[in-house]
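The exercises below are meant to be worked through with the sequence and the 3D view side by side. Try each task before reading the solution that follows.

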Amino acid sequence: MRIDEATDAATSTPAPGSHRPRHVGLIMDGNRRWARSRGLADVSLGHRAGAEHLSDFLAWLSARGIEHASVYVLSADNIRRRSPLELGVLFTLIENVIPARVLAAEQWRLHISGDLDLLPTTTREALGRAIEMTRDRPGHLTLAIGYDARADILGAVRRAVAALPADEPGALSVDLISQQLPGGPAKAIDLIIRTGGDSRTSGFFPWQSTSAELHVASCSWPDFSEHDLERALAHYDAVISAGSQGQSTHGREEPGLA
């Protein structure tokens, strides 16, 4: 991954060219910092602002013809580490706010990647209803909830092996494993946007994002704007446009002796 760190000092955004990512990933970060920066004693208000902001992001993608998105909502590790009080807030948002925002975004079909057994029954049921109600929509939104990257890949490998003909064990391939991963039909993520200024990917869909570009926005997620999205897309366009003979299909030189 190439990292492009956006800072608040930038005042203009290059006009995007013809290269658009087909699949955009989003790591939402900075909700609690956003709440504290506004003097809010209840940091759960930052989580709520972040959850509600998802509908804006989906609308911006739709307006640009981007029909595949993956969003990091809550990892399995965070479920195990967070306090019961904070988890209660997060589960409520996942149960009530996020399904409502996805349903209101009329283009998007919902997919979930993660261990839903880690969620309360009512939260699982709310997500299940949203999945069913959006089944016929053209766009594909994958939410990582109760997500563990190793478990995600291991499950895909197991399903791929189980689907192999008994007499063809050597037929296992990267493509067959990719097909068994949860989510929409476009598995490969082209561009990852992370807010909050941190350049880590935090185990975000590693199989799907091996060739992705990473754009880091310094702002907290609730402050992420349409202008910030344009900057991320302009970064992606610049990298792809710089491609030349002998470079990868994503327009950058790969590491190694070659």
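**Exercise 1.** Find the residue at which helix 2 bends, and say how long the helix is.

*Solution.* Begin with the axis of the helix: in this predicted model, helix 2 bends by about 25° at His-53. Next, take the length, for helix 2 has 20 residues and reaches 30 Å from its first C-alpha to its last, which is close to the 28 Å expected at 1.5 Å a residue. Finally, look just past the helix, where Gly-65 follows with a positive phi, near 75°.

**Exercise 2.** Decide which residues of helix 2 are buried.

*Solution.* First, recall the cut-off, under which a residue counts as buried when its relative accessible area is under 20%. Going along helix 2 with this in mind, one finds several buried residues, among them Ala-51, Leu-54, Leu-58 and Leu-61. His-53, the residue at the bend, is also buried. To read such a list, it helps to know that an α-helix has 3.6 residues a turn, so residues three or four places apart point the same way.

**Exercise 3.** Determine which residue forms a salt bridge with Glu-52, and where the two partners lie.

*Solution.* The partner is Arg-101, whose side chain meets that of Glu-52 in a salt bridge with an N to O distance of 3.8 Å. This pair links distant parts of the chain, since Glu-52 belongs to helix 2 (residues 44-63) and Arg-101 to helix 4 (residues 84-104), 49 residues apart. As a last step, compare both values with the range between 20% and 50%: Glu-52 has a relative accessible area of 30% and is therefore partly exposed, and Arg-101, at 27%, is partly exposed as well.

**Exercise 4.** Is Arg-64, a partner of Glu-226 in a salt bridge, buried or exposed?

*Solution.* Start from the contact itself, in which the closest N and O atoms of Glu-226 and Arg-64 are 2.9 Å apart. Here too the pair links distant parts of the chain, with Glu-226 in helix 8 (residues 226-241) and Arg-64 in the loop between helix 2 and strand 3, 162 residues apart. Arg-64 has a relative accessible area of 16%, so this residue is buried, whereas Glu-226, at 34%, counts as partly exposed.

**Exercise 5.** State how many salt bridges a search of the whole structure finds.

*Solution.* The search finds 12 salt bridges. One of them joins Arg-135 to Glu-132, with the closest N and O atoms 2.9 Å apart.

Key
Residues are numbered from 1 along each chain as its sequence is written. This is a predicted model: local features need pLDDT of at least 70, side-chain atom pairs count only at pLDDT 80 or more; totals for chains, interfaces and linings use all residues. Side-chain values use heavy atoms; hydrogens and water are left out. A salt bridge is a side-chain nitrogen of Lys or Arg within 4 Å of a carboxyl oxygen of Asp or Glu. Helices (H or I, at least four residues) and strands (E, at least two) are DSSP runs, numbered from the N terminus. Buried means under 20% relative accessible area, exposed over 50%, partly exposed in between (1.4 Å probe, protein chains only). The expected span of a helix is 1.5 Å times one less than its number of residues. The bend at a residue is the angle between axes fitted to the seven residues ending there and the seven starting there.
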